[in-house]
Amino acid sequence: MAEVFFFLAAIGAIGGAAGTVMLRDAFYSVLALVTHLIFLAMLFLLLRAEFVAAAQVIVYAGAVMVLYVFVVGYVGGLEAGLAGRSGPALRVISVLFALVLFVELAIALIGTGLEALDSEGAPYVPGFGEPSRIGELFLTDYLVAFEVASLLLLVAAVGAVILARRRTGLADPREVSVTEFMKRDEVTKGEGETGTMIEAGGPRDI
Amino acid sequence: MDLIWYLIVSALIFCIGAGGVLTRRNPLVVLLCLELMLNAANLALVAFARAHGDMGGQIFALMVMVVAACEVAVGLGLVVAIYRRRLPIDVDELRELQG
């Protein structure tokens, strides 16, 4: 029975991954990733990682993907040319690189001497992967990692707000470069030839 | 089910993600493909946690999720900032920092 579920989940996860890469519309890519994440949670369940599977569905497929959907909705349909991929030569090289990487990883996995990989894993201990055990570990053995993760989340949240905030004070949002602005004719025109100190001295009347 | 199968699925998903990162030009999709790669690593970590009967691998997978959430927040903030400034949303065009 576990085999059936494994192949179902594996095919779903790989199909979702392929859909994410291949679909042209970014919105459909996000939806394909959501299906991928849900099937991956099923694989986690088969590996007896109940809490990780629950966190995967709630945090990833829930919260993070909602963020993606909002941003795709905000940025909108994007230009048509962007939906495509890079030039054909680069695409061939990239696909070749991915294939070589997979062959290398498969050789490493199949040639490995780890006996545990040819079994179902260590004997099951009651409580393995349960939230209570995870919480216990987080507050004892992995306390530093836990606290650093909270700090990292805070920094990322503040950073995201600062990056995406609305800038005020610029009439035209395109005016982001001071040097570009100084080079414009209406700023530097007037007395003096081009290349004089007056031009270098900056704007005359703003 | 032998654990080697989980690792092979993980390797396959990782390579699909790597191919996507290299071929796609939309930064949103590049971020999605990065997520794929991180998830493949998560699957390998959870499989090894099962192989050893040690839950440290699952803790590591949860940490990877935290880092991925941070990466998404900052990455999407960058995409929104690029969009606000009317710059081209194309990773091939955004090469101002290229040396």
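For chain A of this predicted model, the unreviewed UniProt entry lists residues 6-23, 30-47, 53-77, 89-110 and 142-164 under the annotation "transmembrane region". Two of these spans were examined in the coordinates. Residues 6-23 of chain A are 94% helix and 0% strand, with their end C-alpha atoms 25 Å apart, while residues 142-164 of chain A are 96% helix and 0% strand, with a distance of 33 Å between the end C-alpha atoms. The corresponding annotation for chain B, likewise taken from an unreviewed UniProt entry, covers residues 6-22, 29-48 and 60-83. In chain B, residues 6-22 are 100% helix and 0% strand and place their end C-alpha atoms 25 Å apart, whereas the end C-alpha atoms of residues 60-83, a span that is also 100% helix and 0% strand, lie 34 Å apart.

The secondary structure of the two chains accords with these figures in being helical. Chain A contains 10 helices and zero strands, and its order along the sequence reads α-α-α-α-α-α-α-α-α-α. Chain B contains three helices and zero strands, giving the pattern α-α-α. Of the 206 residues of chain A, 21% count as buried; of the 99 residues of chain B, 56% do so. Among contacts with a sequence separation of 6 or more, pairs 24 or more positions apart make up 46% in chain A and 45% in chain B.

The overall dimensions of chain B depart from those of a compact globule: its radius of gyration is 17 Å, where a compact globule of 99 residues would have a value near 13 Å. Along the principal axes, the C-alpha atoms of chain B fill a box of roughly 50 × 25 × 25 Å. Within this chain, H1(B) has 21 residues and spans 31 Å from its first C-alpha to its last, close to the 30 Å expected at 1.5 Å a residue. The same helix is mostly covered, with 17 of its 21 residues buried.

The contact between the chains draws on 74 residues from chain A and 64 residues from chain B. On the side of chain A that touches chain B, at least two residues each are supplied by H1 (2-22), H2 (26-46), H3 (50-75), H5 (88-110), H6 (131-139) and H7 (143-164) of chain A. The residues on this side of chain A comprise 58 nonpolar, eight polar and eight charged.

Both chains also contribute to the largest nonpolar core, which has 72 residues and in which A:Leu43, B:Val46 and B:Ala47 have the most contacts. Two or more residues of this core come from each of H1, H2, H3 and H7 of chain A and from H1 (3-23), H2 (27-52) and H3 (56-84) of chain B. The largest share, 15 residues, is given by H2(B).

The surroundings of A:Leu43 illustrate how the core joins the two chains. Apart from neighbours within four places in sequence, A:Leu43 is in contact with A:Ala9, A:Ala10 and A:Ala13 in its own chain and with B:Tyr6 and B:Leu43 across the contact. In chain A, H2(A) has 21 residues and reaches 30 Å from its first C-alpha to its last, close to the 30 Å expected at 1.5 Å a residue. Just after H2(A), A:Arg48 adopts a positive phi of about 60°.

Key:
Residues numbered from 1 in each chain as written. Chains lettered and ligands numbered in written order. Predicted model: local features only at pLDDT ≥ 70, side-chain atom pairs only at ≥ 80, totals over all residues. Contact = placed C-beta atoms within 7 Å. Helix = DSSP H or I, 4+ residues; strand = E, 2+ residues; numbered from the N terminus. Nonpolar A, V, L, I, M, F, W, Y, C, P; charged D, E, K, R; others polar. Core = buried A, V, L, I, M, F, W, Y, C linked by C-beta atoms within 7 Å. Buried ≥ 20, exposed ≤ 12 C-beta atoms within 10 Å, placed from the backbone. Expected span 1.5 Å × (residues − 1). UniProt positions renumbered as here; feature names shortened; annotations may be inferred. Rg over C-alpha atoms; globule rule 2.2 N^0.38 Å.
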